[in-house]
Amino acid sequence: MDFQFTESERAFQKEVRDFLDANLKPELRRAHSLTPSVFDDPATTRPWQKILNAKGWVAPAWPSEYGGCGFSPAERWIFATEFARAGAPNLSPMGLQMVGPVIMKFGTPEQKAYYLPRILSGDDYWCQGYSEPGSGSDLASLKTRARREGDHYIVNGSKIWTTHAHHANMMFALLRTSDEGRKQDGISFVLIDMKSPGISIRPILTIGGDHEVNQVFFDDVRVPVSNRIGEEGKGWTYGKYLLEFERGGGVASARMRAMLRECEEIARRTGTLTEDLARRIADVDIDIDSMETTELRVMSALSSGQNPGAVSSLIKLRMSEIHQAVTRVGVDALGLDALVVEPRRPFYALNEPTLLTEDELVVTPEYLNGRAFTIFGGTSEVQRDIIAKAMLGL
Ligand SMILES: Cc1cc2nc3c(=O)[nH]c(=O)nc-3n(C[C@H](O)[C@H](O)[C@H](O)COP(=O)(O)OP(=O)(O)OC[C@H]3O[C@@H](n4cnc5c(N)ncnc54)[C@H](O)[C@@H]3O)c2cc1C
């Protein structure tokens, strides 16, 4: 393992910092800091994506032949860390980190030529149609059916917990195309236009007052067969490939550290920084350090051409637990004021004075929104299963 950055990597770090200083407008930074979720609203991400696209910096992990940055693993780590430190909005991962890599690996030349540029420009906004009522952890039991009729599939059923379905114009979905054989073998990976007749979306409001997730209903929705990725019945393979990107793709430690420093600052200001809270902050700091070391270990493995393996599940598991620990520090730093919840998304659109300062305003919503971290992208119990199987060679 070699964690030392080279001279050219340091020069790259300076280039990224200079770019952020020049282009990350205060209003975008503010909107991001007042968003209690990892998912910034499209109103925030669209203008930011335009700026990044003009620079060619939308897709750090994509190869340059598809319009990506072609960064090395070390440059990707530097890029993500600097963006988190600067408080830049998070572009939606659904197109860039999830369906994009699947289209690159398994899509036809026509699908690549059509969809990949639209992901980069932000013309398409994607959502993920995997989970169904009764089929979350046991995803292979999914029932939303795609029946073949000529050159179309007729889709009937329902997807649930679909993040930003109400913003998206496209969904990538796992659909049942057969009941024969193993249940995994009857699943296909299909791209669906969200404007298709027969699709309806029901909002689900979460504990923090957010409208992020939805239930999506399909009632005789016609989807061209040409929208299928790869072979019929092989969707499980493509869908699992995508999950590796969903779980392990990011660099989370820099964002966690920035959030923890904000909580510490609130505790100092409000007089809640007791010895006990200071000790807890130190414990979380140590967890973040070890997370950062794991991220650097992955980067080092990728740089030397090794496959990091089940570590994507390890990162997902620890990242979600540490995030929840940071948000617990936040509410304790705020003390009784944490009970003053003002569930009025989006906070960045607020113009009138509130009882809390802006950095305090988002603490309780972040805590409440953060409850979902150990559930989405596969629950912590499921990640532990995957890690255990990899360790035990099962
Ligand atoms: C905020 C949020 C956003 C989401 N966004 C999306 C999205 O955009 N698209 C999408 O498709 N899905 C999305 N999901 C769904 C998410 O992937 C599922 O909620 C998750 O996989 C768990 O499935 P479930 O809710 O059906 O719970 P279940 O699978 O019913 O699990 C219930 C409990 O049983 C435990 N359990 C289940 N199986 C096992 C096992 N084998 N071993 C040990 N314990 C087990 C679980 O850990 C959990 O505690 C989102 C969920 C949330 C909360």
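## Nonpolar core

In this predicted model, the largest nonpolar core comprises 87 residues, and W126, M171, V190 and L260 have the most contacts inside it. The leading contributor to this core is helix α10, spanning residues 311–334, which supplies nine residues.

One of the highly connected core residues, V190, is in contact with A146, Y153, A173, L175, V223, N227 and R228 once its neighbours within four places in sequence are set aside.

## Packing of α10 against α13

Helix α10 also meets helix α13, which covers residues 380–392; the two axes come within 9 Å and cross at roughly 145 degrees. The crossing of α10 and α13 is left-handed.

On the α10 side, the contact is made by S313, L314, K316, L317 and S320, while α13 contributes S380, Q383, R384, I386 and I387. Classified by residue type, the contact of α10 with α13 contains four nonpolar, four polar and two charged residues.

## Surroundings of V225

V225 is located in the loop that joins β7 (211–224) and β8 (228–229). This residue counts as partly exposed because 15 C-beta neighbours lie inside 10 Å, whereas a buried residue would need 20 or more.

Residues distant in sequence are found around this loop position. Excluding residues up to four places away in sequence, V225 touches D151, H152 and Y153; Y153 is also among the contacts of V190. Between V225 and E149 the sequence separation is 76 residues, and the C-alpha to C-alpha distance is 9.2 Å.

Definitions and conventions. Residues are numbered from 1 along each chain as its sequence is written. This is a predicted model: local features need pLDDT of at least 70, side-chain atom pairs count only at pLDDT 80 or more; totals for chains, interfaces and linings use all residues. A nonpolar core is a set of buried Ala, Val, Leu, Ile, Met, Phe, Trp, Tyr and Cys residues joined through C-beta atoms within 7 Å. A residue is buried if 20 or more other C-beta atoms lie within 10 Å of its own, exposed if 12 or fewer, and partly exposed in between; C-beta atoms are placed from the backbone. Helices (H or I, at least four residues) and strands (E, at least two) are DSSP runs, numbered from the N terminus. Two residues are in contact if their C-beta atoms, placed from the backbone, lie within 7 Å. Axes are lines fitted to C-alpha atoms, for helices over the stretch in contact, and angles run from 0 to 180 degrees between N-to-C directions. A crossing is left-handed if the near helix is turned anticlockwise from the far one by less than a right angle, and right-handed if clockwise. Ala, Val, Leu, Ile, Met, Phe, Trp, Tyr, Cys and Pro count as nonpolar, Asp, Glu, Lys and Arg as charged, and the others, Gly among them, as polar.
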